[in-house]
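Q: Walk me through this model, please. Whenever you put a label on something, tell me what earns it.

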Amino acid sequence: MTLQQLRYLIAVAEHGSINAAAHALFVAQSSLSAAVKDAEEEAGITIFQRSNKGVVPTADGVEYLGFARQVVEQADLMARRYDRSAEPSQRLAVSTQHYTFCVEAFVDLVEEQQMDEYSLVLRETSTGAIIDDVREFRSDIGVLYLDRYNERVLRTTLSDASLVFTPLFRAKPHVFVGEHHPLASAKRLKMEDLEPYARYSFEQGTDNSFYFSEEPFSYLPHKRNIVISDRGTLSNLLTNHTGYTISTGVLSSEMHTGIVSIPLDTDDEMNVGYILHAQRRPSALVNAYIDALKRQILAYGVASGEF
């Protein structure tokens, strides 16, 4: 299977018709039909379901096309990176757990850019996706945390993926609740204090393992669980309902109003850091982003031990 054939398959999926894809690509319809047939025979699956209205990917086809897009994207990325005729372009892709200091460091980096051409990407995503992104070079750097519970599993996973973890700061777990929550005035909380309230956590997709959770103590059973995918929804829930979440204690700018952070009575710590691929030298933009992260951390007072 060639890159060109993979591009043909992707075009067919996007247009929903071999005929429409052929017109868009200015190629013979027979060339696309042959590419589909060859791919299906080589993979031993049916990629498209045909009908009078066109074609749609089968369940196997959706998975196959997902891999095809990754291959094509990586090939295009490599071509752009080593195109000597093109103007120099800076690129940075960041994958991170849902930490506002990572977003604010990214914004700082955007404001600092003086080049005419650059490509900057920020993904707030699941732990498994962060590891996959950096391993597959979709992202240049990832940000996540280790603790006593997940460290052994995650370090093995990182090692198998040729990734290196570098600590940024350590933080005691804190409980986030709304300012009108029954526990909002507490000076310190124990896990048993949280039992009557709903627990908010970030969705981890297919890597739904306790070891990949973004929240400490997620492995402890709980009667009420609400899973979300973005920080905006989390802030809304915390402000308007009596649930809670557990994180580093860094109260982000959008969470200053209506949300309080309360230390959790535990000896555990969250070791927050970044991951890089061992076989890839950090670019100037990667190093600039790491510097921006450190400035944000200092601004939050983490390095002074406040968290």
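A: Let's start with touching: contact means heavy atoms within 4.5 Å. Also keep in mind that this is a predicted model.

Q: With that cut-off, what does tyrosine 219 touch, not counting residues up to four places away in sequence?

A: Tyrosine 219 touches Tyr149 and Phe210. Take the partner Tyr149: tyrosine 219 and tyrosine 149 are 70 residues apart in sequence, yet 8.9 Å apart in space, C-alpha to C-alpha. That 8.9 Å runs between C-alpha atoms, whereas the contact rule asks for heavy atoms within 4.5 Å.

Q: Where is tyrosine 219 found, and why is it called partly exposed?

A: Tyrosine 219 is in the loop between β8 (199-202) and β9 (225-228). Its relative accessibility is 28%. Buried needs under 20% and exposed needs over 50%, so tyrosine 219, at 28%, falls in between and counts as partly exposed.

Q: What makes serine 201 buried?

A: Serine 201 has 15% relative accessibility. The limit for buried is under 20%, so serine 201 makes the cut.

Q: Where does serine 201 lie, and which residues does it touch beyond four places in sequence?

A: Serine 201 lies in strand β8 and touches Glu215, Ile226, Val227 and Ile228. As for methionine 1, it is 200 residues from serine 201 in sequence and 41 Å away in space, C-alpha to C-alpha.

Q: How do you know that alanine 198 is buried?

A: By the same kind of check: alanine 198 comes in at 15% relative accessibility, and under 20% means buried, so the label holds. Alanine 198 is in the loop between β7 (174-178) and β8. Leaving out residues up to four places away, alanine 198 touches His222, Arg224, Ile226, Thr242, Gly243 and Tyr244. Cysteine 102 is 96 residues from alanine 198 in sequence and 27 Å from it in space, C-alpha to C-alpha.

Q: Why is arginine 50 called partly exposed?

A: Arginine 50 sits at 42% relative accessibility. That is not under 20% and not over 50%, so arginine 50 is partly exposed. This residue belongs to strand β1 (residues 48-51), and, leaving aside neighbours within four places in sequence, arginine 50 is in contact with Val36, Glu40 and Val55. Leucine 238, 188 residues from arginine 50 along the chain, has its C-alpha atom 48 Å from that of arginine 50.

Q: What makes the phi of phenylalanine 137 worth a remark?

A: Phi of phenylalanine 137 is near 65°, a positive value in a residue other than glycine. Phenylalanine 137 is in the loop between α6 (127-135) and β5 (141-146). With 30% relative accessibility, phenylalanine 137 lies between the 20% and 50% limits, so it counts as partly exposed.

Q: And what is the phi of serine 162, and where does serine 162 lie?

A: Serine 162 has phi near 60°, again a positive value in a residue other than glycine. Its place is the loop between α7 (151-160) and β6 (163-171). At 26% relative accessibility, serine 162 is over the buried limit of 20% but not over 50%, so partly exposed is the right label.

Q: Why are α1 and α3 called roughly perpendicular?

A: Helix α1 (residues 3-15) and helix α3 (residues 29-43) pack at an angle of about 105°, with their axes 9 Å apart. Angles of 65 to 115 degrees count as roughly perpendicular, and α1 and α3 therefore earn that name. The α1 side of the contact is Gln5, Tyr8, Leu9 and Val12, and the α3 side is Ser31, Leu32, Ala35, Val36, Asp38 and Ala39.

Q: What about the whole chain: how many helices and strands are there, and how much of it is buried?

A: The chain has nine helices and 12 strands, and buried residues make up 47% of its 307 residues. Its C-alpha trace spans about 70 × 45 × 35 Å along the principal axes. Of the contacts with a separation of 6 or more, 76% come from residues 24 or more positions apart. The accessible surface is about 16,200 Å², with 49% of that belonging to carbon and sulfur atoms.

Q: How many positive and negative side chains are there?

A: The chain carries 28 positive and 41 negative side chains, and the centres of the two sets are 3 Å apart.

Technical notes:
Residues are numbered from 1 along each chain as its sequence is written. This is a predicted model: local features need pLDDT of at least 70, side-chain atom pairs count only at pLDDT 80 or more; totals for chains, interfaces and linings use all residues. Side-chain values use heavy atoms; hydrogens and water are left out. Helices (H or I, at least four residues) and strands (E, at least two) are DSSP runs, numbered from the N terminus. Buried means under 20% relative accessible area, exposed over 50%, partly exposed in between (1.4 Å probe, protein chains only). Accessible areas come from the Shrake-Rupley method with a 1.4 Å probe; for residues, only the protein chains shown count as cover. Lys and Arg count as positive and Asp and Glu as negative; His and the chain ends are not counted. The place of a charge is taken as NZ of Lys, CZ of Arg, CG of Asp or CD of Glu. Axes are lines fitted to C-alpha atoms, for helices over the stretch in contact, and angles run from 0 to 180 degrees between N-to-C directions. Angles under 35 degrees count as roughly parallel, over 145 as roughly antiparallel, 65 to 115 as roughly perpendicular and the rest as oblique.
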